[in-house]
Amino acid sequence: MTATSMRTGRCGSLRANNVDDEVTLCGWIHKRRDLGGLVFFDLRDREGIVQVSFGPDWCDADVLTVAAGLGSENVIQVSGKVLARPADAKNPDMATGEVEVQAYSLEILSRATELPIPVWRSKAEEPSSEELRLANRPLDLRREELQRNIALRHRLLQRARRSLTEQEFFEIETPVLTKPTPEGARDYIVPSRVHKGQFYALPQSPQIYKQVLMISGFDRYFQIARCFRDEDLRADRQPEFTQIDLEASFVNQEDVMAFVEKTMVDLWDEVGANVVAPFGRLTYAEAMERFGCDKPDLRYGFEIEDLSGLVGGKGFKAFDDAIERGERVRGIRVQGGAALSRKHIDQLADAAKGEGAGGLATLKYLDGNLTGPLSKLDGITAETAGLEDGDLMLVAAGTDRITSPALNAVRLALIEKLSPEASSNHAFSWIVDFPLFEEQDDGEFVFSHHPFTAPNPEDSEKLVSGELGDITAQHYDLVYNGVELGSGSIRIIDPEMQIQILERLGIGAEDAESRFGFLLRALRAGAPPHGGFAVGFDRVVMLLIGATSLRDVIAFPKTTAARALFEDAPTGVSDKDLAGLGIGVKT
C-alpha cells in the first residue's frame with residue numbers, strides 16, 4: 001500500500017519480511033490485554049489485525065498509562081518497530097501472527113463513547129439480533145466477516161468490468177430518473193417539483209435504454225446498474241439491488257449466452273473455482289417435466305416421472321379419476337428412501353400439500369417386501385415399478401400446475417433430508433424456450449417476463465391466431481445450484497410486432513404510444529437484431545461467499561419490511577415540502 005502522511009501501511013499487511021521496519025499504523029483497538037505493566041492491543045484496519053505492545057523498556061511512562069486506559073474501538077495512531085514474535089508466542093490463526101509492533105508513541109485520533117453492539121465476540125457468545133446490527137450498521141460493518149464480504153464484492157465488480165471490456169463491451173450509464181413502465185413489479189415513484197403533478201420512476205431495470213443504445217449503434221453495452229422494485233421481500237430480494245446488465249447487437253441467443261458464460265467463468269475464477277463453459281441447456285418444458293420448476297438444482301437426481309401408465313387402471317380410484325379428467329399421475333423414485341421414517345414421509349406429504357396437492361401415495365420395497373398404499377395395485381411388482389431393495393416411490397396426481405410445484409417441493413425436501421452426494425459443486429444450466437405468456441387462473445394472459453421479448457420465429461404466426469399459451473419465447477435464464485442468477489432475451493425489433501404483443505395484453509395502440517412511444521420511435525428508425533442479459537450481482541456475491549442472505553453482502557441493506565434501520569428510512573416529509581411538490585398524503 002502507498003504510504004500516506006498518517007501511516008506507512010496497513011495493520012494486516014505486516015509479515016515476517018517487515019521485521020526491523022519502523023512503521024506508523026492507524027486503526028481501531030480490537031481487543032486489549034493488560035499483563036501487569038505490559039499492554040497489548042490487537043489493532044485492526046480493513047486489511048486485518050496486528051498485535052501492538054507497550055512496555056516500560058521501550059516507551060515512556062505516560063504512553064504506557066494512556067495505553068492502559070484505552071478500550072475497544074477507540075481509533076488510534078501508533079509508531080514503533082516490527083519485531084518477530086518468540087516461537088512460543090506466534091499465532092498461526094492470524095496472517096500477521098509471526099510479528100508484533102513494539103510501539104513507542106500513541107495518539108488518540110477518536111474516542112468510541114457508545115458501543116451498542118460488540119464488534120468482536122467469543123464463539124461462546126450469542127450474536128446480536130439482526131435488527132440491532134442493522135440499526136448499528138457502522139459497527140456491524142467493522143466485523144471481519146462483513147469486511148471480507150465487501151472486499152470480495154469489490155474484486156468481483158472489477159473482474160466483471162474487466163471481463164466485459166475484454167469482450168468489447170462499452171460501460172455506459174443510463175438514467176435513474178425515468179418513465180414508469182410495467183415490468184412485473186411496482187415502480188418507486190418520484191414526484192417532480194418543477195413539473196407538479198408529474199412523476200418519475202426509479203428504474204426496475206435499464207431495459208428500454210439499453211435497447212435504445214443498440215439502435216443508436218453502440219453495438220455492445222454493459223453497466224453495473226442500480227435497480228429498484230417495490231415488491232415484497234425475501235432473503236434473496238432487496239428493494240434496491242445491483243445487476244450486471246449487458247446488451248449486444250447483431251447476435252442470436254447463443255452469442256449472448258456465450259458472453260455471459262465467459263463473465264461467469266471469470267467471476268468464479270476470482271474466488272478460485274474452476275468452472276467450464278459452455279453450460280448445459282434445458283428447455284423450460286423439460287425442466288418442468290423432470291424437476292417441477294424452472295430453476296432446478298442439477299447437482300442431485302430425484303427426477304420426476306410420468307407414472308400414469310404404471311398406476312392408471314389398477315384400481316386406485318384417485319389416480320383413475322385424475323387420468324379420466326385428463327390429468328396425470330407423476331412421482332419420484334427415491335434410491336434408499338425406504339429407510340425414511342413415517343414421520344419423514346409425513347413431512348414430505350406436507351410439503352406436497354403446501355403446494356396444493358391432495359397428498360402423496362407411497363410404495364416401499366424393503367427386504368423383499370412391497371408396502372404402502374400402492375402395494376395393493378393390481379399387478380404391481382418391484383420389477384414393474386422399477387424399484388430395487390431399499391427404494392421408495394412417492395406419487396401425486398393432478399394437473400401439471402399442481403403436481404409440478406408439489407413434487408419440486410418434495411424433491412427439495414428429499415435433498416435436504418437425505419443429503420445425497422452432489423454430482424458437482426458448480427451446476428450451471430441455461431433454461432430456454434420459456435412461454436411468452438402465462439395463463440392466469442381466470443383465463444387471462446400476462447407477460448411471462450417483459451413485453452420486449454421476441455417470440456421464437458416458428459411461433460410468430462400464433463400471435464395472429466391467438467394461440468397465446470403455445471408461443472415460446474427467445475428468453476433464457478441462467479441457473480446455478482438451484483438459484484436463478486439472471487434472465488435475458490432476444491428483443492423485438494419490428495415495431496408492428498411490438499404493438500401487436502402489447503395489444504394482446506390489453507395495451508392499445510394509443511396507450512402503447514403514450515407509455516412506450518420513445519422505444520417505438522427508436523425501433524422505426526431501424527433497429528439491429530439485439531439481445532441481452534442481466535445478472536443479479538448481489539446474488540452472485542452471496543453464493544460465492546456462502547452467505548444465506550443478501551444483507552450479508554450489501555453495505556447498507558433494507559430489512560424484509562423494506563426499512564433502513566440505521567438511517568430510519570422511509571420517513572415522513574413535512575407538509576411544507578409536500579406542498580412544494582404539489583402533492584398531499586392520505587392516511
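**Exercises on a predicted model**

Leaving aside neighbours within four places in sequence, glutamine 474 is in contact with Gln253, Thr453, Ala454, Pro455, Asn456, Pro457, Gly488, Ser489 and Ile490. The structure examined in these exercises is a predicted model.

**Exercise 1.** Determine where glutamine 474 lies and whether the residue is buried or exposed.

*Solution.* Begin with the position in the chain: glutamine 474 belongs to the loop between helix H13 (461-465) and strand S20 (475-480). Next, consider the accessibility. The relative accessible area of glutamine 474 is 16%, and buried means under 20%; glutamine 474 is therefore buried. Finally, examine the side chain, which reaches the backbone oxygen of proline 455 at 3.0 Å. Proline 455 is also one of the residues in contact with glutamine 474, and Gln253 is another.

**Exercise 2.** Describe helix H6, its ends and its buried residues.

*Solution.* Start with the length. Helix H6 covers residues 253-270, and its 18 residues should span 26 Å at 1.5 Å a residue; the end C-alpha atoms are 26 Å apart, which agrees. Turn next to the N-terminal end, which is capped by asparagine 252: a side-chain oxygen of this residue lies 3.1 Å from the backbone nitrogen of glutamate 254. After the helix comes glycine 272, with a positive phi near 85°. The buried residues of H6 include Gln253, Phe259, Thr263 and Trp268.

**Exercise 3.** Establish which kind of aromatic pair phenylalanine 169 and phenylalanine 259 form, and which parts of the chain the pair ties together.

*Solution.* The whole structure holds 15 aromatic pairs. In the pair considered here, the ring centres of phenylalanine 169 and phenylalanine 259 are 5.1 Å apart and the planes stand at 90°, so the pair is edge-to-face. Phenylalanine 169 lies in the loop between helix H4 (144-166) and S6, whereas phenylalanine 259 is in helix H6, so the pair ties together parts that are 90 residues apart in sequence. Both phenylalanine 169 and phenylalanine 259 are buried.

A second pair, phenylalanine 316 with phenylalanine 319, is tilted, at 4.4 Å centre to centre and with 40° between the planes. Phenylalanine 316 is partly exposed, with a relative accessible area of 23%, while phenylalanine 319 is buried at 3%. A further aromatic cluster consists of Trp268, Phe279, Phe428 and Tyr480.

**Exercise 4.** Locate glutamine 167 and list the residues that it touches.

*Solution.* Glutamine 167 is placed in the loop between H4 and S6. With a relative accessible area of 11%, glutamine 167 is buried. Not counting residues up to four places away in sequence, glutamine 167 touches Arg220, Ala258, Phe259, Lys262 and Thr263. Isoleucine 431 serves for a distance check: glutamine 167 and isoleucine 431 are 264 residues apart in sequence and 23 Å apart in space, C-alpha to C-alpha.

**Exercise 5.** State the strand order of the open sheet of 8 strands and identify which strands stand at its edges.

*Solution.* The order is S6-S9-S10-S22-S21-S20-S17-S11, with mixed pairing. Strand S6 (170-171) and strand S11 (280-283) stand at the edges with a single partner strand each, so one side of each is left without a neighbour in the sheet. Within the sheet, strand S10 (residues 240-249) and strand S22 (residues 530-536) run antiparallel and are joined by 7 bridges. Glutamine 243 stands opposite glycine 536 in S22. Last, helix H7 (residues 284-291) lies across S11 and strand S17 (428-432), at about 85° to S11.

Terms used
Residues numbered from 1 in each chain as written. Predicted model: local features only at pLDDT ≥ 70, side-chain atom pairs only at ≥ 80, totals over all residues. Heavy atoms only, no water. Pairing = 2+ DSSP bridges. Helix = DSSP H or I, 4+ residues; strand = E, 2+ residues; numbered from the N terminus. Contact = heavy atoms within 4.5 Å. Axes fitted to C-alpha atoms, helices over the stretch in contact; angles between N-to-C directions. Expected span 1.5 Å × (residues − 1). Buried < 20%, exposed > 50% of the residue type's maximum accessible area, 1.4 Å probe, protein only. Polar contact = N/O pair within 3.5 Å; in protein donor to acceptor, adjacent residues only side chain to side chain. Phe/Tyr/Trp six-rings, centres within 6.5 Å; stacked < 30°, edge-to-face > 60°.
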